[in-house]
Number of protein chains: 2
Amino acid sequence: MVTCQDMTEPTTSAPALRGRPRSERSHQAIIAATNELLNERGFVDLTIDEVALRAKVSKTTIYRRWPTKGTLVFEAFSDQFLALQPIPSAGSLHEDLLAALRRFIKVIKGTVMGRTLAGLVAEVQRDPELAEVWRDRFVVRVRTHHRVMIDRAIERGELSDDVDAEVVLDLLYGAAYHRLLQSHLPLSDGFAQAVVDTVVAGLLTNHAGTATKGVGG
Amino acid sequence: MVTCQDMTEPTTSAPALRGRPRSERSHQAIIAATNELLNERGFVDLTIDEVALRAKVSKTTIYRRWPTKGTLVFEAFSDQFLALQPIPSAGSLHEDLLAALRRFIKVIKGTVMGRTLAGLVAEVQRDPELAEVWRDRFVVRVRTHHRVMIDRAIERGELSDDVDAEVVLDLLYGAAYHRLLQSHLPLSDGFAQAVVDTVVAGLLTNHAGTATKGVGG
DNA sequence: AGGGTACGATACGTGTCGTACCGTAAATAA
DNA sequence: TTATTTACGGTACGACACGTATCGTACCCT
């Protein structure tokens, strides 16, 4: 769980347990109501007032914990989403990447999370504070997670250590995000195959001479 | 120029020139004021009221032509942006794609258009009507434009006609959009090189056997 | 002249946000 | 027990931007 305090302040060792504690039940009810409304209306048409109504909680209680709609939805979304993105270990780089990308696409298309993800990316462009939280607690987290597939391929010697893992992730998931956000073409399985085919083929080519190392940062 | 009517209705042959015509001067002033405010405040903090004030025009006049803030900003942005995306003809596929991607990145980083582009992509997630306009009059337009580079490479025989041009565009520009929207890493020149190196290498590999044709649509 | 349309100015209703207030509830500390 | 501290519910409120309505005036055609 990621509370508002965790998002904005470094975790304090002393939780200061004087006074009435925050209701865990309210917390759960708010997150649950948020997810319900995310399903029914989507990110844009979700209002804090309605969440409060649904959760049988005062609106004030929500604002005490989450400063904005974005941070609330972020929390309701992120843990749930990340739990559905395991790292495959099929063996080859191609198999791993394809399985991971398929998994990503499946969740995007098969649940409401695709629309919510798009809504959050949109909100991030509007709210600089949310952008920071988003990068640190989602983007970096997912990428670190996914980078394991590439690192393992390098360790196995399947891939040259000249390869910039960051660029690889940008190619794979950038393409997928692109279709999600622009909606110009569907996130089909053939798309996933073509993306992974092309990228892996490109990586397995010996590209000594065209330096591609260390450009990520 | 793309007017509101052009966006929502098929172009009528009879422009109906009875009555007082719309002031072209007002049109220019509104677009100019929009671009000014886009520079000063960005997409999010731009308000129609302020555009009206700046353009010395009634707010009503703006709403007569553009139904929403998104469509107004879209028009102020798109022609300007597209004019800065010429198709290079250096010769090889690698050279063409790299030059085009560099050009894209240069405009994104060197002008306010990067922020505006991000803001528009965000707005598109919130406004379904704008989304339609965006796809038809921007995304498809840019992609058709860019696809020429790939088609020419196929004609030259440099590239197999098995290659799905749509996927190629998603890989290149998807990666760039990804860094623009997520801000996790900079849009450096090394990034552009690595992206093009990897994708072109992947395309030049003979991938007969892994069908990648016709999955774009 | 007359009809049709755009214009300016302004007022208005709407929706959502986020905050302020205040009496009450729940926990700790003396 | 009593005092203190903090969260809670309920509600009212201010702020802000949106988009619409109204109406008298300006412009261009037939």
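Student: Where does a polar side-chain atom of Thr60(B) sit relative to DNA strand C?

Tutor: For a contact like this, look at which part of the DNA is being met. In this predicted model, the Thr60(B) side chain places a polar atom 3.1 Å from a base nitrogen of DNA strand C.

Student: And which side chains of chain B meet a phosphate oxygen of that strand?

Tutor: Take Thr61(B): an N or O atom of its side chain is 2.6 Å from a phosphate oxygen. Arg65(B) also has a polar side-chain atom by a phosphate oxygen, at 2.2 Å. As for elements giving two or more residues to the surface near strand C, they are H3 (48-55) and H4 (59-65) of chain A, plus H4 (59-65) of chain B. H4(B) gives the largest share, 4 residues.

Student: How is that surface made up by class?

Tutor: Count 10 charged, 9 polar and 7 nonpolar residues. On the DNA side, 60% of the strand C atoms within 4 Å of the protein belong to sugar or phosphate, and the rest to bases.

Student: Now the rings. How many aromatic pairs are there over all chains?

Tutor: There are 16. To read one, check the centre distance and the angle between planes. Phe104(B) and Tyr173(B) are edge-to-face, 5.2 Å centre to centre with 85° between the planes. Phe104(B) is in helix H6 and Tyr173(B) in helix H9 of chain B, so the pair ties together parts 69 residues apart in sequence.

Student: What does a stacked pair look like here?

Tutor: Try Trp134(B) and Phe138(B): 4.2 Å between centres, 20° between planes. They're 4 residues apart in helix H8 of chain B, about one helical turn. Trp134(B) is buried at 1% relative accessible area, and Phe138(B) is buried at 1% too.

How values were computed. Residues numbered from 1 in each chain as written. Chains lettered and ligands numbered in written order. Predicted model: local features only at pLDDT ≥ 70, side-chain atom pairs only at ≥ 80, totals over all residues. Heavy atoms only, no water. Near = heavy atom within 4 Å. Polar contact = N/O pair within 3.5 Å; in protein donor to acceptor, adjacent residues only side chain to side chain. Nonpolar A, V, L, I, M, F, W, Y, C, P; charged D, E, K, R; others polar. Phe/Tyr/Trp six-rings, centres within 6.5 Å; stacked < 30°, edge-to-face > 60°. Buried < 20%, exposed > 50% of the residue type's maximum accessible area, 1.4 Å probe, protein only.
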